[in-house]
Amino acid sequence: MAYTVNDIDKILEFKTWNDRQKIDELLRIDCELYTNLGIDSTKTELGEVKKRSRTIYRAIKQVDPMMGTTFLRAMDS
């Protein structure tokens with residue numbers, strides 16, 4: 001099953017997945033968001049992807065605080 005941004009909370013609540021599986025799936029979703037952007041994407045679309053990406057990184061921070069913080073800091077620089 002292909003998960004989307006709408007499934008972030010569901011992924012975090014999975015009891016049968018270890019932390020690595022959760023982070024991998026969240027990063028796959030993030031990757032998919034950026035690969036769907038193109039040179040013809042508007043600033044609004046780019047802003048929406050960045051907003052969703054920040055949501056994903058905050059979710060990663062719940063699983064692995066160090067990794068999530070690193071992603072969020074990299075996004076701000």
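A salt bridge here is a side-chain nitrogen of Lys or Arg within 4 Å of a carboxyl oxygen of Asp or Glu. In this predicted model, Arg-54 and Asp-76 fit that description, with their closest N and O atoms 2.7 Å apart. The pair links distant parts of the chain, since Arg-54 sits in helix H3 and Asp-76 in helix H4 (residues 65-76), 22 residues apart. As for solvent, Arg-54 is partly exposed at 24% relative accessible area, while Asp-76 is exposed at 55%.

That bridge is one of 6 salt bridges in the structure. Another joins Glu-48 to Arg-52, with 3.5 Å between the closest N and O atoms. Here both partners belong to helix H3 and lie 4 residues apart, about one turn of the helix. Glu-48 comes out as partly exposed at 32% relative accessibility, and Arg-52 is likewise partly exposed, at 36%. Asp-7 and Lys-10 make a further bridge, their closest N and O atoms being 3.6 Å apart. In this case Asp-7 is buried, with a relative accessible area of 12%, whereas Lys-10 is partly exposed at 39%. There is also a network of salt bridges, which links Glu-25, Arg-28 and Glu-32.

Glu-25 deserves a few more words. This residue is part of helix H2 and counts as buried, at 13% relative accessibility. Its side chain makes a polar contact of 2.7 Å with the side chain of Arg-28. Setting aside residues up to four places away in sequence, Glu-25 touches Tyr-3, Ile-11 and Trp-17.

Two of those neighbours, Tyr-3 and Trp-17, bring in the aromatic side of the story. The structure holds 4 aromatic pairs. Tyr-3 and Trp-17 form one that is edge-to-face, at 5.8 Å centre to centre and with 85° between the planes. Because Tyr-3 lies in the segment before helix H1 (8-13) and Trp-17 in the loop between H1 and helix H2 (19-35), the pair ties together parts that are 14 residues apart in sequence. Tyr-3 counts as buried at 12% relative accessibility, and Trp-17 is partly exposed at 22%. Add Phe-14, and the three residues Tyr-3, Phe-14 and Trp-17 form one aromatic cluster.

Lys-22, also placed in helix H2, is the odd case among the charges discussed here. What is the nearest side chain of opposite charge to Lys-22, and how far away is it? That side chain is Asp-19, at 4.5 Å. The cut-off for a salt bridge is 4 Å, so Lys-22 is buried yet has no salt bridge. Not counting residues up to four places away in sequence, Lys-22 touches Ile-11, Leu-12, Phe-14, Trp-17 and Val-63.

On the nonpolar side, the largest core has 16 residues. Those with the most contacts inside this core are Val-5, Ile-8, Leu-12, Leu-26, Ile-29, Ile-56 and Ile-60. Two or more residues each come from H1, H2 and helix H3 (43-63), and H3 gives the most, with 6 residues. Ile-8 shows how the contacts run: leaving aside neighbours within four places in sequence, Ile-8 is in contact with Leu-26, Thr-55, Ile-56 and Ala-59.

How values were computed: Residues are numbered from 1 along each chain as its sequence is written. This is a predicted model: local features need pLDDT of at least 70, side-chain atom pairs count only at pLDDT 80 or more; totals for chains, interfaces and linings use all residues. Side-chain values use heavy atoms; hydrogens and water are left out. Rings of Phe, Tyr and Trp (its six-membered ring) pair if their centres lie within 6.5 Å; planes under 30 degrees apart count as stacked, over 60 as edge-to-face and the rest as tilted. Buried means under 20% relative accessible area, exposed over 50%, partly exposed in between (1.4 Å probe, protein chains only). Lys and Arg count as positive and Asp and Glu as negative; His and the chain ends are not counted. Contact means heavy atoms within 4.5 Å. A nonpolar core is a set of buried Ala, Val, Leu, Ile, Met, Phe, Trp, Tyr and Cys residues joined through side-chain atoms within 4.5 Å. A polar contact is a pair of N or O atoms within 3.5 Å; within protein, one must be able to donate a hydrogen and the other to accept it, and residues adjacent in sequence count only if both atoms are side-chain atoms.
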